[in-house]
Amino acid sequence: MESNASNSAAAGATKALKLNSLGLSSIGAKLTLAICSVIALGFGSIVFFYAKQQEKNILLQNERAFQQVLNSVSQGLQTVMITGSADVAELYADKLKGIKDVDDFRIVRTNGLEAFRDNETIHKVNQHRGEADFEPRPTEHEHRVFAADDANLVRAISTQRFVYYYHQQHGLEHLTFLLPIKNVKKCHRCHGKEREVLGVLEFRSALDTVREQVRQTWMQSLLVLAMALAAVLVVATVVLRRYIVRPIEVVSLAMAKVAAGDLNQNIPVIGRDELSLMALSFNKMTGELRDSYAGFNSEHNKLETILMGTDEGIVVNDGSGAVVLVNPAAEILLDKPAARIVEEGFLRLLDDPQRMECSLEHAGIAGTNDVFLYHQRFLAVYASTLKRTDGRMLGHAAIIRDMTKEKR
C-alpha cells in the first residue's frame, strides 16, 4: 500500500515536471528566451547600424550625383552665356525641368528673383558695354523664387560654395541644391568686376526614388534579420535541449521520484561538465540515502517487533497532546481499541484525567511510577516526559503493566 502511494506520487511529480517543461516557466524556455533576446538585440543593432549606413550612403550618392550634374549644367550655361546667347540659356533652363526626378530648375539672381524673366539684366549689360547689343524682351514679369534674406540663398552667395538642404513641400520630401554662379574673368566683359557672384542655380529634386531605395534596403535588412533569428532560435533550442535542458529534466525527474520515496534512482554520468558532476553527486547522495534508509528500516523493524510483542502497554503522545502510538498490549490492558484511546487522549487512559495529569506534573525525565485500580485490575503506570537535547518537550510516554497477581 505504501509502495502504491509512492508510485502514485512519483507519477504525479513526473507529470507535473513534463507539463512544466512545456510552458514558459521551464528552464529551457527561459534560457532559450534569454539567449535569443540577447542575440536578437545584437543582430538588431548590427542590422540597424548597417541599414542606417546604407541609407546615409544612398543619400550621399544621390547628393554627389546631382552635384556633378549641376556642375556640368553650370559649365554648360556659362559657355552659352559667354557666347552672348541668353535666349538659349533660358531655353536650356526650361528644358532641364522636364528631366526625371527634377522638380524645378531655375537661374536666380542674388536678390532672389528668377533671371531671364525681365529686362533688368539686359539693361545693365547694355549700359555696361555702352552698346545696345541685346534687345529688350517684348514682355516681362517678375517671379520671386527666394526671399532676398533667405538663409540658404545668403549662405550660398556669401560662401560662394555649393549649398544643399532637405525640406518638405506639398507633403513630399525634396532635396534642393544651390550653386553660386561666380563672376569669372570671361564674364567681366558684360557684367563688370563689381560683383563676385552673378546669381545662383537652383535645382530641386523629389526624393521618392531615393526613399524607395532606402525602404528596400530596410526591408532586405529586416528579412535577413528575421532569417538569422529563426536559424539561431532553432539551433539554440536544439543545443539547449540536448546539452542542458534534457540533463536537467532527468535530474529533476529523479529528484521528484526520490522526494516521493523511490530511492532506486541512478542518473547516467556522461562527460565531465557541471551537469555530469551534479549527476555524480546525486548518485552518491541517493546511494547514501539508500544505505541510511536500509539501516533505519532495520532498526525500525526491531523496535516495532519489541513494541508490538511486549506484554506491557505503551502509549505515546506528541507535543500537541495527540496520541501517536498505541501498542496491542495497551489495548488489551485498557480494554479499549486504539482508535478510542487516540480519540479520548493521553490523560483519559485510565479514566482519571486529574490523577494522570498529576502524575505527569511530577514526571521528569526519570519518570514516576503510579498504581491505578482500573476495571478490577491493578495497573502500574510508568509516566515520563520526552524532551529534546535542547530541553524542548517532545511529548509524554506511559508504560502500563498489569500487577494484579502481584497485589493479590
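Visitor: What makes Met-356, Ser-359 and Leu-360 lie on the same side of helix 11?
Guide: In this predicted model, these three residues of helix 11 (residues 353-361) are buried. They cover an arc of only 100° around the axis, so they sit on the same side of the helix. Gln-354 and Glu-361, on the other side of helix 11, are exposed.

Visitor: Why is Val-235 called exposed?
Guide: Exposed means over 50% relative accessible area. Val-235 has 52%, so the word applies. Val-235 belongs to helix 7 (residues 208-259). With Val-239 and Tyr-243, Val-235 forms a nonpolar surface patch of about 300 Å² accessible area together.

Visitor: How do you know that Arg-204 and Asp-104 form a salt bridge?
Guide: The cut-off is a side-chain nitrogen within 4 Å of a carboxyl oxygen. Here the closest N and O atoms are 3.4 Å apart, and the pair qualifies. Arg-204 is in strand 4 (residues 197-206) and Asp-104 in strand 1 (residues 102-109), so the bridge ties together parts 100 residues apart in sequence.

Visitor: Why do Arg-204 and Asp-104 count as buried?
Guide: Buried means under 20% relative accessible area. Arg-204 has 15% and Asp-104 has 6%, so both words fit the cut-off. Both residues also belong to a network of salt bridges with Arg-106, Glu-114 and Glu-202.

Visitor: What makes Glu-173 partly exposed?
Guide: Partly exposed lies between under 20% and over 50%. Glu-173 has 22%, so it falls there. Its salt-bridge partner is Arg-211, with the closest N and O atoms 2.9 Å apart.

Key: Residues are numbered from 1 along each chain as its sequence is written. This is a predicted model: local features need pLDDT of at least 70, side-chain atom pairs count only at pLDDT 80 or more; totals for chains, interfaces and linings use all residues. Side-chain values use heavy atoms; hydrogens and water are left out. Buried means under 20% relative accessible area, exposed over 50%, partly exposed in between (1.4 Å probe, protein chains only). Helices (H or I, at least four residues) and strands (E, at least two) are DSSP runs, numbered from the N terminus. The arc is that of the directions from the helix axis to the C-beta atoms. Patches are made of residues with over 30% relative accessible area and no salt bridge: like charges are joined within 9 Å, nonpolar side chains (Val, Leu, Ile, Met, Phe, Trp, Tyr) within 5 Å. Accessible areas come from the Shrake-Rupley method with a 1.4 Å probe; for residues, only the protein chains shown count as cover.
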